[in-house]
Amino acid sequence: MTMYNQIFKDKKILITGNTGFKGSWLTTWLLKCGAKVYGYSIDVPTKPSMFEVLGLEKQIKQCYGDIRDKKHFVDYYNEVQPDFIFHLAAQAIVSTSYSEPFDTIATNVIGTATVMEAIRQTTWNVTAVVITSDKAYDNVEWIWGYRENDAMGGKDVYSGSKGAAELTIKSYWHSFIKHMPNVKMGVARAGNVIGGGDWSCDRIVVDTVKAFSNEMAVEIRSPKATRPWQHVLEPLSGYLRLAQALYEESITNGEAFNFGPRAEQTKTVKQLVEDIAVNWGMDKDKAVQVTGHVPFEEAKLLKLNCDKALAYLNWHSVLSYEETVKMITDWYLGYYEGDSDLLILTQQQISEFEKEANLQKQPWAV
Ligand SMILES: NC(=O)c1ccc[n+]([C@@H]2O[C@H](COP(=O)([O-])OP(=O)(O)OC[C@H]3O[C@@H](n4cnc5c(N)ncnc54)[C@H](O)[C@@H]3O)[C@@H](O)[C@H]2O)c1
């Protein structure tokens, strides 16, 4: 199998937000593809963290800095001269946006403008994938999936910060970047992801495995709420496929893409917790405790329409819901039982995912 036509091999790849959940998986995957990875992050956001558990700092070149500090970031970008940049640095937690609204706006909007400033002054060839969120869409709470040309917006600060990041990208694209023949750029929007190695607060899988590792039930506030659960490798395969298409074909230049799960991945929170319990070897009837406590107003279900990614990139998600749940449980059991090399386990899970994508004839995994 040749992953992504080997375009990442020996390339310099800068990942902002590389110490976070998605950033750690992306780093591991790109290292597996033979890339030279450079990271830019303000901190290691959780304890424990996948970044530290996998010992990623030793395998890459790391710079700690604040994405709101334009000079510091632009100097680092110019020093690295990356062939590819993936921008993931963000204040990514919805509940934190209620306690720290100003910092959320600054990191997500000014941080994105900083990256645009670096890109618009690039003098070498670079391919950029800028990650925002499904929350960038103005959620009008309809039943249909959102398409890439639907309105941006958001009533809460987190959604607003992501919508504003999108407008920032759009204006830099039209004013500067589209006139630069040496720059290719795409925008990626995905929804909530789950996977091993996440320890962020207020995420259901994280609360679940923490409780199960202490042989306790997990408290959930909205058991009947449904979410389209997708493994973190699914959108990451979309980000990498988008980078490949930009690099090889340029037909997608300047465009935004949704990367979401299949409709049958949508299950209730209770179902997900019980399925993790079964894989964990726990009694599923003792896995859940329902509380009425709702700390903040969450937007209703937001679905992504992914027809564009299928049509232009021939991309679709790969894992079934059952495979997703099993992969997650295996990863956390490996961590909490303490007898696995988590770097090897993560690499094996990426290989499994690649094999499945190959069987499903995904063009990036032929
Ligand atoms: N995890 C999800 O379910 C999900 C869903 C949709 C979109 N996203 C988006 O994907 C991206 C990555 O999400 P994640 O879950 O890995 O987040 P995370 O919270 O695990 O990691 C955030 C990363 O950004 C860095 N960072 C934060 N503030 C910074 C600053 N001021 N300067 C430099 N670095 C800073 C942190 O150090 C960390 O590396 C974000 O843009 C997020 O909004 C995530």
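**Figure 1. Helix α11 and its buried threonine, Thr-324.** Helices here are DSSP runs of H or I that hold at least four residues, numbered from the N terminus. One such run is helix α11, which covers residues 321–337 and contains Thr-324. Keep in mind as you look that this is a predicted model. Is Thr-324 buried or exposed? With a relative accessible area of 1%, Thr-324 is buried, because buried means under 20%. Setting aside neighbours within four places in sequence, look for its contacts with Ile-194, Gln-230, His-231, Gln-265 and Leu-319.

**Figure 2. The whole protein, to help you find your way.** Before we zoom in again, here is the overall picture. The protein has 12 helices and 11 strands. Its radius of gyration is 19 Å, close to the 21 Å that the globule rule gives for 366 residues, so the protein is as compact as a globular protein of that length. Measured out along the principal axes, the C-alpha trace spans about 60 × 45 × 40 Å. Among the 366 residues, 55% count as buried. The protein exposes about 15,600 Å², and 51% of this area is supplied by carbon and sulfur atoms. Of the contacts with a separation of 6 or more, 80% are between residues 24 or more positions apart. As for charge, the protein has 38 positive and 45 negative charges, and their mean positions are 5 Å apart.

**Figure 3. Two nonpolar cores.** In soluble globular proteins, nonpolar side chains tend to be buried together. The largest nonpolar core in this protein has 77 residues. Which of them touch the most other members? They are Phe-8, Trp-29, Leu-30, Phe-86 and Phe-259. Helix α8, residues 233–248, gives this core its largest share, 8 residues. A second core is separate and has 28 residues, including Ile-85, Ile-169, Ile-177 and Ala-256.

**Figure 4. Thr-107 in helix α5.** Now let's meet another threonine. Thr-107 belongs to helix α5, which runs over residues 101–120. Its relative accessibility is 14%, so Thr-107 counts as buried. Which residues does Thr-107 contact, leaving aside neighbours within four places in sequence? They are Ile-67, Arg-68, Ala-90, Gln-91 and Thr-112. You can also pick out Ser-133 in this view: it is 26 residues from Thr-107 in sequence, and the two C-alpha atoms are 14 Å apart in space.

**Figure 5. A cis peptide bond at Pro-48.** Look here at the link between two neighbours, Lys-47 and Pro-48. The peptide bond that joins them is cis, with omega about -5 degrees. Where is Pro-48 found? Pro-48 sits in the loop between strand β2 (36–41) and helix α2 (50–53).

**Figure 6. Positive phi angles at Tyr-4 and Asn-5.** This last view takes you to the segment before β1 (12–16), where Tyr-4 lies. Tyr-4 is not a glycine, yet its phi is positive, at about 50 degrees. Tyr-4 also counts as buried, at 0% relative accessibility. Asn-5 lies in the segment before β1 too. What is the phi of Asn-5? The value is near 55 degrees, which is again positive in a residue other than glycine.

Definitions and conventions
Residues are numbered from 1 along each chain as its sequence is written. This is a predicted model: local features need pLDDT of at least 70, side-chain atom pairs count only at pLDDT 80 or more; totals for chains, interfaces and linings use all residues. Side-chain values use heavy atoms; hydrogens and water are left out. Helices (H or I, at least four residues) and strands (E, at least two) are DSSP runs, numbered from the N terminus. The radius of gyration is taken over C-alpha atoms; the globule rule is 2.2 Å times the number of residues to the power 0.38. Buried means under 20% relative accessible area, exposed over 50%, partly exposed in between (1.4 Å probe, protein chains only). Contact means heavy atoms within 4.5 Å. Accessible areas come from the Shrake-Rupley method with a 1.4 Å probe; for residues, only the protein chains shown count as cover. Lys and Arg count as positive and Asp and Glu as negative; His and the chain ends are not counted. The place of a charge is taken as NZ of Lys, CZ of Arg, CG of Asp or CD of Glu. A nonpolar core is a set of buried Ala, Val, Leu, Ile, Met, Phe, Trp, Tyr and Cys residues joined through side-chain atoms within 4.5 Å.
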